[in-house]
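Grab a pencil and work through these exercises with the structure open beside you. Try each task before you peek at the solution.

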Amino acid sequence: MEQYTPVAWANDTNIYEVNLRQYTHEGTFNAFIKELPRLRHMGIETLWFMPITPISEEKRLGTLGSYYACSSYIQTNPEFGTISDFKNLVAAAHDLGFKVLIDWVANHTGWDHEWTKQHPDYYRKNHDGHFFDAHGWEDVIDLNYDNQELWNKMISSMEFWVRECDIDGFRCDMAMLVPLDFWKMARRQLDSVKKLFWLAECEEILYHEVFDATYTWKWLHKMEAYHRKETDIAGLDEVLKYYDNMFSPASLRTFFTSNHDENSHSGSEYERLGTSAEAFAVLCCTWNAVPMIYSGQELPNKKRLKFFDKDLIEWNGHFALHDFFKKLLELRKMNPALKAGDADVVTYRLHTDAHQFVFAFLRKNQQTNNEVLVVINLSDEVKHLVHITDGDLEGSYTNVFTNAVKDFTDEKHFALQPWEYQVYAR
């Protein structure tokens, strides 16, 4: 089995998904550049841009179409700007210390992609000999990975963006629909050009043979089920134990409360998680994971953004959750106890006398002895006095949000308001 080593910055990075169309009034690469200093100040490390390629006109949905129905793999969507504009954006992001990922849609294209004329044999055909999509997505058609020539052409298209624009990695759409052997070949060839970060939109364990990080749909759906009172904290623990038992310790998982699919099709995190949204965001930013934030969550944006039409995020100049995310992301960057997929870091679930309501855990770096303690009241009830019953919690810790110092050597208790979270570090 081939072994791939993640880029050095993978374990302590975070990811911010950029919905370029809805981000600014102009919806362009150039307009987004002015957002970079604010996002960097918030602690964002890695920017993931939804597909920047041109969108097919044939069978286009809505007025502008889906980013995921491309008509060329080596051009930019004129809605956003030119390749030169994107290169300038990447360069500006790099100057501020960001890494840049682009979304790669390898399973399908739009109906009038240039390959449909140049290489129709790159596509699957139905029994009538026509292009089709096997999943019912009416604006795209499936590529045929039985054709080895397609593999070479696809990889050369990916290489274009690495060489031409100096991107730092790929977020691969519906990665499990594309053969694992293709991704192995792609990574082997592209990593020889530049060491990249590979994120897969899938939860298949085997895909970690290639990908540094994968999605955690099970976790997202379990958080939503918790909000609907269809499961309890034991249900949350069950998913986390499944990840620990089934995935290798070095496998990076992305934790999130929203993304473009969830927001547009199922609702914002406040629709799906209600008053638990911020508490779960704390958990996603402090667990053994790579946290992912969607455009506008720092506002916070509470509306569903249209997917196929212009629907601007309603920025008002007040980023209510900017400091909330800043404190969490900077803690994760600076405290070695929050590194993901690190063999030196151990995560302990802590027992309390309110275990049916309170989610508590300690993460410790055994080499540096740094620790982060997280206590969350996952209920709408006031908890006047919650005791941690584990005996190995001792010493002074600093509250990340208030800077207050608390000594747990003798008194291991908390007062917690509904949905309150407390994060301590040392």
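**Exercise 1. Find the residue that follows helix 8 and look up the sign of its phi angle.**

Solution. Step one: go to the end of helix 8, which covers residues 217–227. Step two: move on to K229, which follows the helix. Its phi is positive, near 65°. Keep in mind that you're looking at a predicted model.

**Exercise 2. Which residues of helix 8 are buried, and what covers them?**

Solution. Step one: recall the cut-off, since buried means under 20% relative accessible area. Step two: pick out the helix 8 residues that pass, namely W217, W219, L220, M223, E224, A225 and Y226. Step three: look at how a helix turns. An α-helix has 3.6 residues a turn, so residues three or four places apart point the same way. Step four: find the cover. It includes three helices that you can locate as helix 9 (233–246), helix 10 (260–266) and helix 11 (269–273). Strand 9 (252–255) and helix 12 (277–286) are also part of the cover.

**Exercise 3. Where does D168 sit, and is D168 buried or exposed?**

Solution. Step one: place D168 in the loop between helix 6 (148–165) and strand 6 (169–172). Step two: check its accessibility. D168 has 6% relative accessibility, so it counts as buried. Step three: list what D168 touches, leaving out residues up to four places away in sequence. Among its contacts are W9, H94 and F98, along with K194, K195 and F197.

**Exercise 4. Take three salt bridges, D173 with R171, D311 with K303 and K364 with E371, and sort out how buried the partners are.**

Solution. Step one: start with D173 and R171, whose side chains meet at 3.1 Å, N to O. D173 is buried because its relative accessible area is 6%, and R171 is buried too, with 0%.

Step two: go on to D311 and K303, which meet at 2.8 Å, N to O. D311 is buried at 13%. K303 has 22% relative accessibility, so it counts as partly exposed.

Step three: finish with K364 and E371, at 3.6 Å, N to O. K364 counts as partly exposed at 24%, whereas E371 is buried at 5%.

Step four: look for partners that are shared. Salt bridges of that kind join D12, R40, E45 and K333 into one network. The structure holds 31 salt bridges.

**Exercise 5. What is the radius of gyration of the chain, and what would a compact globule have?**

Solution. Step one: count residues, and you get 426. Step two: a compact globule with that many residues would have a radius of gyration near 22 Å. Step three: compare. The chain has 22 Å, which agrees. Step four: add the box, as the C-alpha atoms fill roughly 75 × 50 × 45 Å along the principal axes.

**Exercise 6. Put together an overview: how many helices and strands does the chain have, and what share of its residues is buried?**

Solution. Step one: count 13 helices and 18 strands. Step two: note that 60% of the 426 residues count as buried. Step three: look at the contacts between residues at least 6 apart in sequence, where 71% join residues at least 24 apart. Step four: turn to the surface, which comes to about 17,000 Å², with 49% of it belonging to carbon and sulfur atoms. Step five: tally the charges. There are 43 positive and 64 negative side chains, and the centres of the two sets lie 2 Å apart.

Note on methods: Residues numbered from 1 in each chain as written. Predicted model: local features only at pLDDT ≥ 70, side-chain atom pairs only at ≥ 80, totals over all residues. Heavy atoms only, no water. Helix = DSSP H or I, 4+ residues; strand = E, 2+ residues; numbered from the N terminus. Rg over C-alpha atoms; globule rule 2.2 N^0.38 Å. Buried < 20%, exposed > 50% of the residue type's maximum accessible area, 1.4 Å probe, protein only. Contact = heavy atoms within 4.5 Å. Areas by Shrake-Rupley, 256 points an atom, 1.4 Å probe, with all protein chains shown as cover. Lys, Arg positive; Asp, Glu negative; His and termini not counted. Charge placed at Lys NZ, Arg CZ, Asp CG, Glu CD. Salt bridge = Lys/Arg side-chain N within 4 Å of Asp/Glu carboxyl O.
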